[in-house]
Amino acid sequence: MAALVDGDGIPGIIVRDIRLPRTLLAGLIGATFGLTGAALQGLLRNPLAEPALFGAPQAAAACASLVIAFGLAGATSFAVPLAGIAGTLVAIGSLLAIAGRRASLTVTMLAGLALASFGGAAIALILNLAPNPHVALEIAFWLLGSLQDRSYDHLAIALPFMIGSWVMLGMTAGAFRALTLGEDAAASLGVNINRTRQAVVVGTAFGIGACVAIAGAISFVGLVAPHLVRRAVGSDPARGMLPAALTGAALVLAADIGVRLVPGPVEIKLGVVTAMIGVPFFLAMIFSERRLLEGNPAS
Amino acid sequence: MMAAAATLLQAEAVTVKLGGASVVDDVSLSLRARELVALVGPNGAGKTTLMRALAQLLPSSGSIEINGRPLQSLRLRERARAIAYLPQGHVFHWPMPVAAVVALGRHPHADAFARTSPADRTAVRRALRATATEELAARRVTTLSGGERARVALARALATEAPILFADEPTASLDPRHQLLVMELLRRAARSGGAVLAILHDLTLAARFADRVMVMDGGRIVANGLPTDALNPAQLAKVFGVDAVSVDTGEGFVPIARRPL
């Protein structure tokens, strides 16, 4: 603590310039994933919605790695998050266009699966075409998701987009409550459905694009965080957004502290940890809610 | 007896085209205060599409006026305060508590900070009481039976306290007692000064409860009048393709469809 405030020399540098930006980024990225997950679940009225299931991080990663691979811009320029945002916009936009207004669970999941696979294939293509093996290796590691060696420069690049994302998603929260009645009933209650969709798509794109551009692919936080708080907020999709963001921040912070503390020759990547914990959680969730999911084939 | 009542909604030449075909074709109608109007017709006649067009949930041509003001000129919230819409199916996508669902009916009245006003609380309480769903208030909507869901969905629409209420098949999948309860509620909503338009498949309910019946077929209103006139056996044979008789129940005549033609 002393090193944080007035420490000189090595401890001060370590805490202020290495640990602090990493901690801040972990919290902010976790919060953004938690918030986007809660927003997508609210929009699609589906507790299994998650940015990664719809290929958003994959698309962001594909576009961002394209920029890195071909040296279009340095890794700490605004071009990387912008590319990530563009990729996410395309992915979520196509998802909503394909799944249509009714956003049925089956169609949404199938479209998301296809988009995620396409994002993966695009990344593979970029690795395939990478100008030299060092670039390919760099992208491959970056894709695993990590906050190692991230600085205030990264924070400065990502923060404006994250704030934009929080504002856009936060403004739509009230609409999610009405949307639990279906789109027609929500529209009849004065909710502007198109504007809500656009705000969620663009807000998610800003948030996920910026996060992925900085930290690589970190999956399942957006799924797990809203689910952990759902009972506590009485299943209210609007009231759950802030707690989901805070829980997301706590999850990524914990995972990042975990990867730093686990001893070993190489640091395990953050994205690997969240996926290793997230996937079993996801399966357990499907298992416990399968009756609900089966009983609701059309919605 | 309804002649003196104020016209709340006036629609002229409303047409809805979906994929090139006119699903609703040049429909003109009016809804007056204190009036419960049943909209009946065979499957695919365009009843739901007409209702959604009147609620401006889909684009249509023609003109729709509410209290003399064009519907298009109203802001979304103004329109939402004027027309409450109960879609078919009584679908709830999220396991919210009943009280929270009914409170959604107050969404059009909310201020920028979504604070609950005393008027909101009163309206929600009144809607819960009217639909006899008070004891369900703390339950999750997804755990309710079909009849309970239908009443909660109706409570949500009533809580808006809009002068015009549209209900799309409010009695579908309900047992006889709940059908009657819902129809009595709709009639009470009309008697308290509003206009209620309900899509019904049960011609007996339409004949017994509606002040006026509109019969729709092929996107057009083909009959519009007192239940006994609009639902006469010749009309039912033409529109529904059924052999029907009019039976005196002691409380008026109701149509009974005997066999398909």
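This is a short talk on the helices of chain A, the sheets of chain B and the contact between the two chains in a predicted model.

I'll start with chain A. Chain A has 13 helices and zero strands, so there is little to say about element order, by the plain definition of helices and strands as DSSP runs. From the N terminus on, the elements read α-α-α-α-α-α-α-α-α-α-α-α-α. Of the 299 residues in chain A, 51% are buried. As for contacts in chain A between residues at least 6 apart in sequence, 78% of them join residues at least 24 apart.

Two helix pairs in chain A are on my list. The first is helix H2, residues 9-44, with helix H7, residues 152-171, both of chain A. They pack at an angle of about 25°, and their axes are 10 Å apart. Angles under 35 degrees count as roughly parallel, and H2(A) and H7(A) are therefore roughly parallel to each other. Their crossing is left-handed. Which residues make the contact? From H2(A) we have A:Pro21, A:Leu24, A:Leu25, A:Leu28, A:Thr32, A:Leu35, A:Thr36 and A:Ala39. From H7(A) we have A:Tyr152, A:His154, A:Leu155, A:Met162, A:Ser165, A:Trp166 and A:Leu169. Sorted by class, the contact of H2(A) with H7(A) has 11 nonpolar and four polar residues, and no charged ones.

The second pair is helix H4, residues 79-99, and helix H10, residues 193-215, again in chain A. Here the axes come within 7 Å and cross at roughly 140°. That makes H4(A) oblique to H10(A), because the roughly antiparallel class takes angles over 145 degrees. The crossing of H4(A) and H10(A) is right-handed. On the H4(A) side, the contact residues include A:Gly84, A:Gly87, A:Thr88 and A:Gly93, along with A:Ile85, A:Leu89, A:Ile92 and A:Leu96. On the H10(A) side they include A:Arg197, A:Thr204, A:Phe206, A:Gly209 and A:Val212. The contact of H4(A) with H10(A) divides into 14 nonpolar residues, six polar and one charged.

Next, chain B, and its sheets. One is an open sheet of four strands, in the order E2-E1-E4-E5, with antiparallel pairing. Which strands are at the edges? They are strand E2, residues 21-32, and strand E5, residues 69-70, and each pairs on one side only. Inside that order, strand E1, residues 7-18, and strand E4, residues 61-66, pair in the antiparallel sense over five bridges. To give a register point, B:Thr15 stands opposite B:Ser61 in E4(B). Helix H1, residues 47-54 of chain B, packs on this sheet and touches E1, E2 and E4. The direction of H1 makes about 60° with that of E2(B).

Another open sheet in chain B has six strands, in the order E6-E7-E8-E3-E9-E10, and its pairing is mixed. E6 and strand E10, residues 220-225, stand at the edges with a single partner strand each, so one side of each is left without a neighbour in the sheet. Direction ignored, neighbouring strands of this sheet are turned by 15° against each other on average. Strand E9, residues 212-217, pairs with E10(B) in the antiparallel sense, over five bridges. The register point here is B:Val215, which stands opposite B:Ala223 in E10(B). Helix H5, residues 146-159 of chain B, packs on this sheet, touching E6 and strand E7, residues 164-168. The direction of H5 makes about 170° with that of E6(B).

One residue of chain B gets a mention of its own. B:Pro260 is found in strand E12, residues 253-260. Is B:Pro260 buried or exposed? There are 8 other C-beta atoms within 10 Å, and the cut-off for exposed is 12 or fewer, so B:Pro260 is exposed. Leaving aside neighbours within four places in sequence, B:Pro260 is in contact with B:Gly241 and B:Val242. B:Pro260 and B:Thr7 are 253 residues apart in sequence, and 38 Å apart in space, C-alpha to C-alpha.

Last, the contact between the chains. It takes 22 residues from chain B and 19 residues from chain A. On the chain B side, the elements that give two or more residues are helix H2, 76-82, and strand E6, 83-86. The largest share of that side comes from H2(B), with four residues. By class, the side of chain B that touches chain A has 17 nonpolar, two polar and three charged residues.

Definitions and conventions
Residues are numbered from 1 along each chain as its sequence is written. Chains are lettered from A and ligands numbered from 1 in the order in which they are written. This is a predicted model: local features need pLDDT of at least 70, side-chain atom pairs count only at pLDDT 80 or more; totals for chains, interfaces and linings use all residues. Axes are lines fitted to C-alpha atoms, for helices over the stretch in contact, and angles run from 0 to 180 degrees between N-to-C directions. Angles under 35 degrees count as roughly parallel, over 145 as roughly antiparallel, 65 to 115 as roughly perpendicular and the rest as oblique. A crossing is left-handed if the near helix is turned anticlockwise from the far one by less than a right angle, and right-handed if clockwise. Two residues are in contact if their C-beta atoms, placed from the backbone, lie within 7 Å. Ala, Val, Leu, Ile, Met, Phe, Trp, Tyr, Cys and Pro count as nonpolar, Asp, Glu, Lys and Arg as charged, and the others, Gly among them, as polar. Two strands pair if DSSP finds at least two bridges between them. A residue is buried if 20 or more other C-beta atoms lie within 10 Å of its own, exposed if 12 or fewer, and partly exposed in between; C-beta atoms are placed from the backbone.
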